[in-house]
Amino acid sequence: MPAQPRSEPPLPGPGPGTEAPDARLLTEAVTRLRRALRASIRTDYPWEKLPMAQVELLQVLGEHSPARISDLAARQRLAPSTVSGLIGQMITTGLVAREVDSADRRASVVTLTDAGRDQLAAWTTAHERRMDAALAALDDADRAAVAAALPALFQLAEKLGQLDDGGTAR
């Protein structure tokens with residue numbers, strides 16, 4: 001029997017038997033936001049076939065370039081061999097370039113190419129356009145709540161980045 005599409009229940013609200021820990025609700029909300037962004041981006045950017053792992057590497061390189069493969073792997077919490085494979089694919093498509101590290105000529109670094117910067121800018125613009133439309137559809141109170149939560153969400157992301165693989169602060 002074919003799998004039925006999963007319908008997404010609304011986030012539980014306060015009340016008997018519907019309360020959930022903040023961490024679970026936040027995880028669910030972030031998961032839904034990421035899924036909705038990935039799906040909706042195809043509306044504005046239907047020709048884009050770039051895998052999310054490559055988009056995320058472009059984003060990291062947009063902030064920290066040039067970078068060694070090992071640094072990219074650590075930032076993304078991926079195996080260096082995985083990042084190396086992704087970078088190889090991105091070199092083939094012209095999004096990044098590998099160069100000799102000027103600080104250590106035995107090592108190499110990865111940089112964004114002009115095509116990579118253009119791709120990242122187009123991706124970012126399409127996401128911002130979709131998010132602007134969704135935010136505009138919210139009422140004033142919900143828009144204000146989202147805006148007020150942004151500093152705390154950035155802090156939370158920073159704290160998550162400081163946790164080791166066991167979930168303990170480094």
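Let's start in the loop between α3 and α4, which is where R77 sits. Keep in mind as you look around that this is a predicted model. R77 has a phi near 55°, a positive value in a residue that isn't glycine. As for its surroundings, R77 is partly exposed, with a relative accessible area of 41%.

Step back to the loop between α2 and α3 and you'll run into P66. The thing to look at here is the backbone: the peptide bond leading from S65 to P66 is cis, its omega near 0°.

Now for the helices on the other side of these two loops. A pair of packed helices is described by the angle between their axes and by the distance between those axes. For α2 (residues 52-63) and α4 (residues 80-92), the axes come within 10 Å and cross at roughly 85°. Angles of 65 to 115 degrees count as roughly perpendicular, so α2 is roughly perpendicular to α4. Which residues do the meeting? From α2 come A53, Q54, L57 and L58, and from α4 come V83, L86, I87, Q89 and M90. Sort the residues of that contact by character and you get seven nonpolar, two polar and no charged.

Two names from that contact, L58 and I87, turn up again in the largest nonpolar core. This core has 22 residues, and L58, L72, I87 and V96 are the members that touch the most others. Two or more residues apiece come from α2, α3 (69-76), α4, β2 (104-112) and α5 (114-136). The largest share belongs to α2, with five residues. In soluble globular proteins, nonpolar side chains do tend to be buried together.

V96 is a good place to pause and look around. Leaving out residues up to four places away in sequence, V96 touches L58, L61, I87, M90 and I91, and also V110, T111, L112 and T113.

What does G62 contact, once its neighbours within four places in sequence are set aside? The answer is L112 and L120. G62 itself lies in helix α2, and it is partly exposed, with a relative accessible area of 46%. Look also at G116: it is 54 residues from G62 along the chain, yet the C-alpha atoms of the two glycines are separated by 8.9 Å. L112, for its part, is a contact of G62 and of V96 as well, so to finish the tour you can pick out L112 and look from there to each of them in turn.

Terms used: Residues numbered from 1 in each chain as written. Predicted model: local features only at pLDDT ≥ 70, side-chain atom pairs only at ≥ 80, totals over all residues. Heavy atoms only, no water. Axes fitted to C-alpha atoms, helices over the stretch in contact; angles between N-to-C directions. Helix = DSSP H or I, 4+ residues; strand = E, 2+ residues; numbered from the N terminus. Parallel < 35°, antiparallel > 145°, perpendicular 65-115°, else oblique. Contact = heavy atoms within 4.5 Å. Nonpolar A, V, L, I, M, F, W, Y, C, P; charged D, E, K, R; others polar. Core = buried A, V, L, I, M, F, W, Y, C linked by side-chain atoms within 4.5 Å. Buried < 20%, exposed > 50% of the residue type's maximum accessible area, 1.4 Å probe, protein only.
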